[in-house]
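Colleague: Could you take a close look at one chain of this predicted model and describe in one connected account how that chain is built? Please add whatever bears on the other chains where it helps.

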Amino acid sequence: MIPARRWVPIALLVGLVGGAAVVRVQQQVDASLGPLQQEVDELYLPSPEWVKRLSLGYDGLLACVYWTRAVQHYGRHRLEAWEGGRPSYALLYSLLDITTTLDPELLLAYRFGAIFLTEPPPGGPGRPDLAVKLLEKGIAANPDYWRFWYDLGFVYYRAGDYQKSSEAFHTGAERPGALPWMRVMAAKVLAEGGDREKSRALWWEVYHSTDDKAIQTSALNHLAGLKVDEDVEQLQKLLKRYEEQTGQPARTWQELIQAGLLRGVPLDPEGYPYRLMPDGSIRLRPKSRIVSTLARSD
Amino acid sequence: MPALELTELTKDYLVGFWRKRPKRALDHLSLAVEEGEIFGLLGPNGAGKTTTLKLLMRLIYPTSGTAKLLGRPLDDVDVHRRIGFLPEAPYFYDYLTAREFLDYCAQLFGLTRDERRRRVSELLERVGLKEAADAALRHYSRGMLQRVGIAQALINDPALIFLDDPMLGLDPVGRREVRDLILELRRQGKTIVFSTHILPDVETLCDRVAILNRGRLHGLGHLDTLLKMRAKSHEVLVSEPSDALAAALARIAHGVHRAGDKLNATVTPEQLFAAVECVRQHGGRLLAVTPVHTSLEDYFFETFGTEKVPELAEKS
Amino acid sequence: MGRIGAIALNTFRETVRERVLYNLIVFALLLIGTAILFGQISIGVQTLILINLGLTAITFFGLAIAIFIGIGLVYKEMDKRTLYALLSKPVRRYEFILGKFAGLGLTLLVNVALMTVGFYAALFYIRGASGPENFPSLVAIYFIFLQLLLATALALLFSCFSSPVLSAAFTFGLFIAGSFSTDLLALSKAVQAPWLEGVMRALYYALPNFRNFNISTGVAHGHGVPGVLVLHNTLYALLYTGLVVAAAVLIFQNRNLK
C-alpha cells in the first residue's frame, strides 16, 4: 500500500504533463486532419428521405442537429468570404432540405434558407431558385403561415422577377394574419419594379419579423448598404462638381472639404470613413460587412 | 398419516447437444416419513438428495411419480405455509440485511407487522445473529449465511422442515447448536428431513435414514437395523483371562486385543458360539458380548465399493 | 399487502440500492441542462432543442434502466438461487413474475418523475412561467413511460430463459425494430411482390410498435395531443405488455430451475 503523500504528487504530475501532451497532440491531429474532415463532410450527405427513415421517430431531435450544422456551415463559409475567400456554400441547401424533411414545422429553417440562399456571392451562393424550392416546400407543409409568402415575394424581388414577386405578395396578403400593406406592396412592385424605398421597407420587415441573430444582422447590413448606396450617389455628384470646378478629379476628401463641398470626412453608417480610390471609385473600409451595390469593401 | 410420502418419484434430465439423451437423476424413489421423525437422506455426491428436495419444493418438476407433503399433493402451493426449507449453500439477497430479509420472508406468509417483528427478533436471537442483524448480507460469512438460512426456514413455524446440508460451513460449536436445534424441533413435534454428509450426525440424530446412490434407494430404515444387517462381528470382552484362554481365543477369533487386564476378541457371528463356549470352558469371566456396528463409512464403502465415499467431516 | 406487493416492494428496494441508477439520472439531468446551452447556438430553436433533447434523454436513459435491471430480474434469482428460498414459501410462480414486473415498473415511475422535474425546471427557465403549452410535454412523457413498461416486459421475458447479454441485445434490438415500424409499413407498400408485402405487414403488427408513443417532434412545436390517441396508446401498451408478461409467466411456470 503506497502512502498518499508519495503517490499524490506523482499522480498529479503525471496527470498534468500527460494531459498537456494529449491536448498538444490532439491539436496536431486536428490540423493534419482538417482538410480530410471537411472533404468527408462535403462528400457524404444522405438523402433527406433516408435520414428521416433512419431517425426512427426521433426526427425532431435530428432536425435540430442538421439545423445547427446548416447554421455552422453558413457561418463558416461567410467567415471565409469576409477573409477574402470565395466560398461555395455548397451544402447549405442540402442541409436545410434535410432539416425541413425531418421537421417540416421548423419554420426558421425555411426563412433562413430564403434569406441566405438568395444572397449573392460573397455573402451566399446566389441561388434564388433553391430558395424558392425550399419556400414552396415550406408552404406545402405549413399552408397557413403567411410569412412564407412574404419571403417568397422578397426572394423574387431580390432576383428581379417583379411579376412573380407581386403575385407572391398578393397571395400572401390573403392569408390569415398577413400584414395589410402586402397588398399595397404587391401592386407597387408590379407597377414600379424595385427601388431603394421598397427594399428598405422589405428589409425592415425582415428585421422585425425574427429574433434569429444571423438574419437580423444580415438585414441590418443590407439596410446599411442601402444607405451607403445613397451616400455614394451623393458623393459621386460632389466629386463630379469638384472636377467641373477645378478641372481635376479630387484625390482626397480634404480637397472637397477645402472646396466647401463637404463639411467633414464622410462616414459610413458604421462610422468608418469612406475610401476615395485613385480611379475615382468609392469604397467601404476593408472587411466591412455592409452589403452595398455601389461600394465594395475589399 | 405420514408427514411425507414419495411414490415412484422419478426425474430425468435431457442431456447432450440436442437434448435427446435422458439422464436419470432419480429412479422411482418411494419412501414415507412419519410425523415427528428425524429422517436422514444420505448418499454420495450426485446421489439425488438435492434433486429429491428440489422436486418436493417444486423447483423442478418430476418426470413421473408423485409425492404428498402433509397429506397434500405436490402442486398444492398452500401447504408451503407449513413447510420450511433450507437450501444447500444458500445465497440470499446481498443488498438486504438479515432483519430485512427475514421480514420479507415473513411478509410472504401474510403475517401482520407485529407478528413479523416478533418472529424475526425471536429467530435472530435463536440462531445467534442478533448483533449482526442490521448488516447487509453481502458482508456475512458462510456460517452466518447458514444461520440466516435456518432462520428463514423456521420463520413460519413449520410442521415439516427440509434441511439440505444444514451443518455446511459451521464450526463445531455451530454444528452442536444446530444439532440441539433439530432435537428441540423434534421435541416440539415437528418432522425434520435433512440431507448431510456428516455421518456422526446421522448416527446421533436420525431415527431413520434413506441411503441413495445414483438416484436409487439402496437402503431405508432405522440406522442400527441397517447397520446391524451388515454387522459382521461381535466383540467378546473377557476379564483377567488365563494364558490358555487367551491362546484358545486367539485361535478362534480373527482378532484379539489386550487392554490392561481385559481381553477383547473379535469374532464373526459363526465363531461367536465357539468363542463363548471357549471362555466358559476355561473358566474365564465373560464381561460382555457386543455386536460391532459397522460405521456408516464402512457401510458405504462396502455397499458402493470403490465409488466415492462421502468425506467424513471432523468428528466433533 | 399481498405477496405480489411484497415481491414488488423488495424489487424496488433492490433497484434503489443499485448505485448505477443514480449515475444514469445524473447524466439525464445533465443532458437536459446542457440542452439549454445547445440552444444558444441558434436562438429561435432553443425551446425546440430543449424539448426534443429532453424527451429523447428521458426515453433513452429510462430505456437503459429498464434493460439493465430488467435483464437480471429473473435471471439473477435463478442464477444466484435466491429463488430456492423464495419458492419454498407459499408463493406462486406467476406471483413472482408479476411482483418483479411491478417492482421495476415502480422504479421506472420514480426515475421518470425525477427526470420530468428536471425537464420542466429547464423548460420554465427558458420559457418562463407555466401555461397550457407546457402540458403536451407531460403527455409525451406519459407515452415514454408506456414505452418503458413495454421494454421492461420484454426484458423480463428474455430474463426468464436467456443470459443477460443476450437479453439486453434482444430487448434493445426489438426497441429499434419497433421504432422502425412505420417505415416498415411504408416500405411494404413500395414493395412489388405481394407475398413480401404480406410478410412485412405481419411483421409490422407483430413487432412491439414503439413508434406509436413517439410524439416529441409534434409536442416540441406545441401541438396538442388528441385524447383518442392517449386512450388507444394506453390500450395498446396494456394489451401488448400483458401478452408479454403472460408469456413470461408461462415460460417461468414450466421452467426447471437449475
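**Chain C and its surroundings**

Modeller: In this predicted model, the mean positions of the 17 positive and 8 negative charges of chain C lie 8 Å apart. The surface that chain C exposes amounts to about 10800 Å², and carbon and sulfur atoms supply 73% of that area.

Turning to the fold, chain C has twelve helices and zero strands, and read from the N terminus on, its elements run α-α-α-α-α-α-α-α-α-α-α-α. The radius of gyration of chain C is 20 Å, close to the 18 Å that the globule rule gives for 258 residues, and chain C is therefore as compact as a globular protein of that length. Along its principal axes, the C-alpha trace of chain C spans about 60 × 50 × 30 Å. Of the 258 residues in chain C, 53% are buried, and among its contacts between residues at least 6 apart in sequence, 79% join residues at least 24 apart.

Within this chain, helix α3, which covers residues 46–70 of chain C, is a good place to look more closely. At 1.5 Å a residue, its 25 residues should span 36 Å, and because the end C-alpha atoms are 35 Å apart, the expected and modelled spans agree. Of the 25 residues of α3(C), 22 are buried, so this helix is largely enclosed by the rest of the structure.

A single residue in another helix of chain C adds detail to this picture. C:N111 belongs to helix α6 of chain C, residues 93–127, and C:N111 counts as buried because its relative accessible area is 4%, under the 20% cut-off. Once its neighbours within four places in sequence are left aside, C:N111 is in contact with C:L21, C:I25 and C:I65.

As for how the chains meet, two pairs of chains touch, and the pair with the most contacts is that of chains B and C. Chain A and chain B, by contrast, do not touch, and their nearest C-alpha atoms are 23 Å apart.

Some local features of those other two chains complete the account. In chain B, B:E240 has a positive phi of about 45° although it is not a glycine; B:E240 sits in the loop between β11 (233–239) and α8 (243–252) of chain B, and with a relative accessible area of 56% it is exposed.

In chain A, A:K287 likewise has a positive phi, of about 70°, without being a glycine. A:K287 lies in the segment after β2 (282–283) of chain A, and its relative accessible area of 49% makes it partly exposed. The peptide bond from A:P121 to A:P122 is cis, with omega near 5°, and A:P122 is placed in the loop between α5 (107–118) and α6 (128–141) of chain A. Finally, A:R263 is found in the loop between α12 (253–258) and β1 (275–276) of chain A, where its relative accessibility of 84% means that it counts as exposed. The C-alpha atom of A:R263 is separated by 9.9 Å from that of A:W253, ten residues away along the chain.

Conventions: Residues are numbered from 1 along each chain as its sequence is written. Chains are lettered from A and ligands numbered from 1 in the order in which they are written. This is a predicted model: local features need pLDDT of at least 70, side-chain atom pairs count only at pLDDT 80 or more; totals for chains, interfaces and linings use all residues. Side-chain values use heavy atoms; hydrogens and water are left out. Helices (H or I, at least four residues) and strands (E, at least two) are DSSP runs, numbered from the N terminus. The radius of gyration is taken over C-alpha atoms; the globule rule is 2.2 Å times the number of residues to the power 0.38. Buried means under 20% relative accessible area, exposed over 50%, partly exposed in between (1.4 Å probe, protein chains only). Contact means heavy atoms within 4.5 Å. Accessible areas come from the Shrake-Rupley method with a 1.4 Å probe; for residues, only the protein chains shown count as cover. Lys and Arg count as positive and Asp and Glu as negative; His and the chain ends are not counted. The place of a charge is taken as NZ of Lys, CZ of Arg, CG of Asp or CD of Glu. The expected span of a helix is 1.5 Å times one less than its number of residues.
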